[in-house]
Amino acid sequence: MNSQHYPRDLIGIVGGMGPLASSAFLSTLYDGTQWDVEQDAGRYILYSDPSIPDRSEAFLGHRDEIVLAPFVEILHALKCLHVTKIVVCCITLHYLFPCLSTDLRELVISLIDVIFAALEETREHHLLLCTNATLQLRIFQNHQLWERYSDYILLPRESDQQTIHALIYHLKSGGDIRIATEAIQELLDKYHTGSFIAGCTEFHLLSQCSATITDQRPAYRCIDPLTIIANGLAKAH
């Protein structure tokens with residue numbers, strides 16, 4: 001990711017969906033940056049609100065408004081704090097991006113855009129791991145670059161999608177990360193690939209455990225938009 005997109009300024013983070021993933025992202029931002037004095041460290045505001053209703057349930061139940069209202073309120077709050085850009089730590093929430101006003105939309109970094117930019121560089125097959133809502137609402141398939149890169153994206157079969165969705169909620173609730181990594185490796189083996197797309201920000205929690213799956217097996221590869229953004233911000237410093 002080109003660091004010029006991430007100036008050293010005040011960055012807003014919409015978190016709480018889930019709270020563990022967004023707090024892990026903040027840790028990644030600082031862990032990946034070096035500075036001589038703390039005043040040189042990155043400037044971030046994490047607005048973590050776990051009370052926002054479940055996005056999958058709301059969107060699939062045609063109740064977008066119960067999520068849109070608090071989402072817009074958070075974005076306005078961050079804008080009032082003069083943030084330069086906003087990272088939304090929920091890919092399912094990207095479904096509401098077209099509903100945002102132009103001024104808010106221009107502040108938000110699209111994780112979907114980041115993922116497709118990474119696909120341009122990797123040119124290999126990746127299994128898409130995302131929520132049921134992200135898949136059913138075609139959040140990836142409706143992206144302008146879908147046709148160009150769809151051959152590199154493996155969509156899970158229905159039974160496997162339910163496994164993936166359950167894994168996401170396992171991670172949201174603070175479940176054992178090792179169980180998730182082993183389940184993902186089984187899925188990757190099943191689809192004959194060594195890489196997946198983190199189509200849900202909960203999978204950012206696996207980044208610290210991605211060196212190995214077991215003592216004997218090599219690590220999987222992952223397109224994780226939060227890690228890509230963190231690396232871009234680190235280069236900007």
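Which helix holds Lys 172? In this predicted model, Lys 172 belongs to helix H8, which covers residues 158–172. That helix is part of a protein chain with ten helices and eight strands, and the surroundings of Lys 172 make a handy way into the fold. With a relative accessible area of 22%, Lys 172 counts as partly exposed, because the buried class requires a value under 20%. Leaving aside residues up to four places away in sequence, Lys 172 touches Met 17, Gly 18, Leu 20, Arg 55 and Glu 202. Phe 203 is 31 residues from Lys 172 along the chain, and the C-alpha atoms of these two residues are separated by 9.6 Å.

Phe 203 also leads to the aromatic side chains. A search of the whole structure returns eight aromatic pairs. One of the pairs joins Tyr 30 to Trp 35, with ring centres 6.0 Å apart and planes at 80 degrees to each other, an edge-to-face arrangement. Phe 196 and Phe 203 form an aromatic pair that is edge-to-face as well, with 6.0 Å from centre to centre and 65 degrees between the planes. How do the partners in these pairs sit with respect to solvent, buried or partly exposed? Phe 196 and Phe 203 are both buried. Tyr 30, in contrast, is partly exposed at 29% relative accessibility, and Trp 35 is likewise partly exposed, at 33%. Ring pairs further connect Tyr 30 and Trp 35 with Tyr 44, so that the three form a cluster.

Turning to the chain as a whole, the radius of gyration is 17 Å, in agreement with the value near 18 Å that a compact globule of 237 residues would have. Along the principal axes, the C-alpha atoms fill a box of roughly 45 × 45 × 35 Å. Of the 237 residues, 50% count as buried. Contacts across the sequence are well represented: among those between residues at least 6 apart, 78% join residues at least 24 apart.

The surface and the charges complete the picture. The protein chain exposes about 11100 Å², of which carbon and sulfur atoms supply 49%. There are 17 positive and 28 negative side chains in the protein chain, and a distance of 4 Å lies between the centres of the two sets.

Conventions
Residues numbered from 1 in each chain as written. Predicted model: local features only at pLDDT ≥ 70, side-chain atom pairs only at ≥ 80, totals over all residues. Heavy atoms only, no water. Helix = DSSP H or I, 4+ residues; strand = E, 2+ residues; numbered from the N terminus. Rg over C-alpha atoms; globule rule 2.2 N^0.38 Å. Buried < 20%, exposed > 50% of the residue type's maximum accessible area, 1.4 Å probe, protein only. Contact = heavy atoms within 4.5 Å. Areas by Shrake-Rupley, 256 points an atom, 1.4 Å probe, with all protein chains shown as cover. Lys, Arg positive; Asp, Glu negative; His and termini not counted. Charge placed at Lys NZ, Arg CZ, Asp CG, Glu CD. Phe/Tyr/Trp six-rings, centres within 6.5 Å; stacked < 30°, edge-to-face > 60°.
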